[in-house]
Amino acid sequence: MSLDSSVIVTIVILAGAAVIAWAVYLDYRKKRLEFEERRIALENGITPPPPAPRAMAGWPGVKQHEMDLKYTERRLMIEKGLPVQEDVEKPKTRLDYLRSGLVLTSLGVGGAVAYFLLALEPVEGTSEARAWCLGLAPLLVMLGVSNLIYQRFLPDATGAERK
C-alpha cells in the first residue's frame with residue numbers, strides 16, 4: 001500500500017496545525033493561571049507585584065539591559081553623593097589610524113589580487129565577483145592610504161592622554 005504525496009502533505013499540515021493549536025492553548029492556560037493568582041491575591045488583601053515587563057530578545061535586549069544597569073549604577077552613585085563621570089568617547093590615536101589604514105590597504109590589495117585570480121580561470125558567475133572586486137579594491141586602497149597619511153601628520157599623544 002503506497003501513500004501518494006497529497007495524503008502525506010495533508011497529514012503534515014494537520015500535524016502542524018495540531019502542534020500550533022496546542023502551543024496556543026498552553027500559552028492561554030499560563031496567562032489564565034497568572035490572572036487567577038493575581039485575582040486571589042487581591043481578594044485576600046495582598047497587593048501583588050506588577051507584572052514583569054517582557055524582555056526584549058536578541059541584541060536590542062542585551063543593549064537595553066546594559067543601559068539599564070549603567071543608569072542604575074549612576075543613580076546609586078548620585079544617591080550616595082559620589083562623583084559621577086560623564087561618558088566621553090576617547091579620541092582616536094595614531095595607532096588607531098595606523099591599524100585601520102593597514103587593514104583597509106590590505107583588504108584593497110587582496111581585492112585586486114582576487115580580481116586578477118578570477119580573470120585567470122573564467123567560470124560562470126565570476127563576472128559579478130570581478131565587478132565587485134574592481135569597484136571595491138581601489139576604494140579600500142584609497143581609504144587605507146588616506147588613513148596612513150593622516151596618522152603620519154597626527155601629533156603624538158602625551159602620556160596622560162594614552163591612559
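Reader: What makes up the protein, in helices and strands?
Author: The protein has five helices and zero strands. The model is a predicted one. Read from the N terminus, its elements run α-α-α-α-α.

Reader: Why is the protein called more spread out than a compact globule?
Author: The globule rule gives 15 Å for 163 residues, and the radius of gyration here is 31 Å, well over that value, so the protein is more spread out than a compact globule. Along the principal axes, the C-alpha trace spans about 80 × 75 × 20 Å. Of the 163 residues, 11% are buried.

Reader: How many aromatic pairs are there?
Author: The count comes to two aromatic pairs.

Reader: Why is the pair of Tyr97 and Tyr150 called edge-to-face?
Author: Ring centres must lie within 6.5 Å to pair, and planes over 60 degrees apart count as edge-to-face. The centres of Tyr97 and Tyr150 are 4.9 Å apart and their planes stand at 75°, so the pair is edge-to-face. This pair links distant parts of the chain, 53 residues apart: Tyr97 is in helix H3 (residues 94-120) and Tyr150 is in helix H4 (residues 126-153).

Reader: Is Tyr97 buried or exposed, and how do you know?
Author: Buried means under 20% relative accessible area. Tyr97 has 18%, so Tyr97 is buried.

Reader: What makes Tyr150 partly exposed?
Author: Partly exposed is the range between the 20% limit for buried and the 50% limit for exposed. Tyr150 has a relative accessible area of 43% and therefore counts as partly exposed.

Reader: What makes Tyr115 and Phe116 an edge-to-face pair?
Author: The centres must be within 6.5 Å and the planes over 60 degrees apart. For Tyr115 and Phe116 the values are 5.4 Å centre to centre and 75° between the planes, which makes the pair edge-to-face.

Reader: How do you know whether Tyr115 is buried or exposed?
Author: The limit for buried is under 20%. Tyr115 has 19% relative accessibility, so Tyr115 counts as buried. Its partner Phe116 has a relative accessible area of 54% and is therefore exposed, the cut-off for exposed being over 50%.

Reader: What makes Arg130 count as lying over the face of Tyr115?
Author: One condition is that CZ of Arg is within 6 Å of the ring centre. Arg130 lies over the face of Tyr115 at 4.4 Å from the ring centre.

Reader: Which residues form a nonpolar patch on the surface?
Author: Trp132, Leu136, Leu139, Met142 and Leu143 form the patch, with about 530 Å² of accessible area together. Among them, Leu136 is found in helix H4.

Reader: Why is Leu136 called partly exposed?
Author: Its relative accessible area is 38%, so Leu136 is partly exposed. Patch residues need over 30%.

Methods. Residues numbered from 1 in each chain as written. Predicted model: local features only at pLDDT ≥ 70, side-chain atom pairs only at ≥ 80, totals over all residues. Heavy atoms only, no water. Phe/Tyr/Trp six-rings, centres within 6.5 Å; stacked < 30°, edge-to-face > 60°. Helix = DSSP H or I, 4+ residues; strand = E, 2+ residues; numbered from the N terminus. Buried < 20%, exposed > 50% of the residue type's maximum accessible area, 1.4 Å probe, protein only. Lys NZ or Arg CZ within 6 Å of the ring centre and 35° of its normal. Patch = residues over 30% accessible without salt bridge, like charges linked within 9 Å, V, L, I, M, F, W, Y side chains within 5 Å. Areas by Shrake-Rupley, 256 points an atom, 1.4 Å probe, with all protein chains shown as cover. Salt bridge = Lys/Arg side-chain N within 4 Å of Asp/Glu carboxyl O. Rg over C-alpha atoms; globule rule 2.2 N^0.38 Å.
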